[in-house]
Structure formats: structure tokens, C-alpha cells
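Visitor: I should like a close look at a single part of this model. Could you describe how that part is put together, and what surrounds it?

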Amino acid sequence: MPTMHGMTFRKLRQQFIFPIIRNKFLAEKDALFESFRGVDGGITVCGDGQYDSPGHSAKYCCYTVMHGVSEKILDFRIVQRGLGVGDLETRGLREVLKSLSEKGLHVTNVITDGILQIKSLMRKE
């Protein structure tokens, strides 16, 4: 049975599949943001970070934020240790909230786990 060579598959995936998935994701994200813009009283978001390895040796953290009611993912950020100041989760949350604000979403409530740095961030900002 003839099969496609691995290099051909990777090239097709890079040229066609990934751009289609990315465009669909961005279109869905824009439609979602449009539906939440101008919501009276703002929106509630839930966020959490996931590290690439357990313990304090993690190099990357993917911080994801979802809408509290619809449970749809609004945005995420991947932050890397050493490229900024502060805890990875706190930096991820700060970047996501800044992005949501720039896109016209008014976040009034943030639900997350009890990390001290995030509590401090919420009190300051």
C-alpha cells in the first residue's frame, strides 16, 4: 500500500493544514470577543497556568483564561522563565488580561487559584 513520505506530509501540513486551523481559530476568537464586547457590568474570567514540568524547574507556563459562564477559552499565553520579571503564572495572567483589555473586553472578576503573587497583582491593579 503506497504511503506519503514523512517530509511531504510535513510540508503539506505546514503549507495548508496549519494555516487553515489558525485562520479558523482566529475567526472564532474574533466572533467570541465581539459577542462579549459591551456586556453590561463586564465579564468574569477563570484562569490557570500549566507548567511544562513539575516543581520549580519549569521553563514554560501556558496560562489559559476562559469565560466564566460560557466556559469558552478566551485567550492563552505561553511565557518563558528568564524573559521577564516575576512568577510565570502571574506574568501569563497579566499578559492575557492586557490582551483582553486591548481587544475591548471589560473584565470585572478573575477566578484563579490562590497564588500569592496573583493575589498581590489583583490588589495593585
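Guide: Two strands are said to pair if DSSP finds at least two bridges between them. In this predicted model, strand 1 and strand 4 meet that condition, with 4 bridges in the parallel sense. The part chosen here is therefore the sheet to which this pair belongs, built from 4 strands and described with the pairing definition in mind.

A convenient starting point is C46, which is located in strand 1. Across the parallel pairing, C46 stands opposite I111 of strand 4. When neighbours within four places in sequence are set aside, the contacts of C46 are T64, V65, M66, G68 and I111. For one of these residues, T64, the C-alpha atom is 8.3 Å from that of C46, although the two are 18 residues apart in sequence.

The sheet as a whole is open, with its 4 strands in the order 3-2-1-4 and with mixed pairing. Strand 3 and strand 4 (107-111) occupy the edges; each has a single partner strand, so one side of each has no neighbour in the sheet. From one strand to the next, the twist averages 25°.

On the other flank of the 1-4 pair, strand 1 (residues 43-51) is joined to strand 2 by 7 bridges, in the antiparallel sense. Two of the bridge partnerships can be named: V45 is matched with H67 of strand 2, and Y51 is matched with C61 of strand 2. Against the sheet packs helix 1 (residues 6-36), which touches strand 1, strand 2 and strand 3 and whose direction makes about 120° with that of strand 3. Helix 2 (residues 88-102) also packs on the sheet; it touches strand 1, strand 2, strand 3 and strand 4, and its direction makes about 135° with that of strand 3.

Strand 2 also pairs with strand 3, in antiparallel fashion and over 7 bridges. Within this pairing, Y63 stands opposite R77 of strand 3. In a regular strand, side chains alternate between the two faces of the sheet. In strand 2, the covered face carries C61, Y63, V65 and H67, while the uncovered face carries Y60, C62, T64 and M66.

Which residue takes a positive phi in the hairpin of strand 2 and strand 3? The residue is E71, with a value near 60°, and the hairpin has 5 residues between its strands. Its place is the loop between strand 2 (60-67) and strand 3 (73-80). Most residues other than glycine have a negative phi, whereas E71, which is not glycine, has a positive one. E71 is exposed, because its relative accessible area of 57% lies over the 50% limit. Its C-alpha atom is separated by 8.9 Å from that of V45, which is 26 residues away along the chain.

At the other end of the strand order, the connection into strand 4 deserves a remark. The loop between helix 2 and strand 4 contains G104. G104 counts as partly exposed, because its relative accessible area of 42% falls between the limits of 20% and 50%. The C-alpha atoms of G104 and E34 are separated by 8.8 Å, with their positions 70 residues apart along the chain.

Finally, the surroundings include the largest pocket, which holds about 160 Å³ of space. Its lining consists of Y51, S53, P54, G55, H56, R81, D87 and L88. By class, these lining residues divide into 3 nonpolar, 3 polar and 2 charged. Y51 thus takes part both in this lining and in the bridge to C61 of strand 2.

Methods:
Residues are numbered from 1 along each chain as its sequence is written. This is a predicted model: local features need pLDDT of at least 70, side-chain atom pairs count only at pLDDT 80 or more; totals for chains, interfaces and linings use all residues. Side-chain values use heavy atoms; hydrogens and water are left out. Buried means under 20% relative accessible area, exposed over 50%, partly exposed in between (1.4 Å probe, protein chains only). On a 1 Å grid over the protein atoms alone, a cavity is a set of points where a 1.4 Å probe fits but cannot get out, and a pocket is an open set with protein on both sides within 12 Å along at least five of seven lines; lining residues have an atom within 4 Å of a point. Grid points are joined across faces, edges and corners, and a volume is the space filled by probe spheres set on the points. Ala, Val, Leu, Ile, Met, Phe, Trp, Tyr, Cys and Pro count as nonpolar, Asp, Glu, Lys and Arg as charged, and the others, Gly among them, as polar. Axes are lines fitted to C-alpha atoms, for helices over the stretch in contact, and angles run from 0 to 180 degrees between N-to-C directions. Contact means heavy atoms within 4.5 Å.
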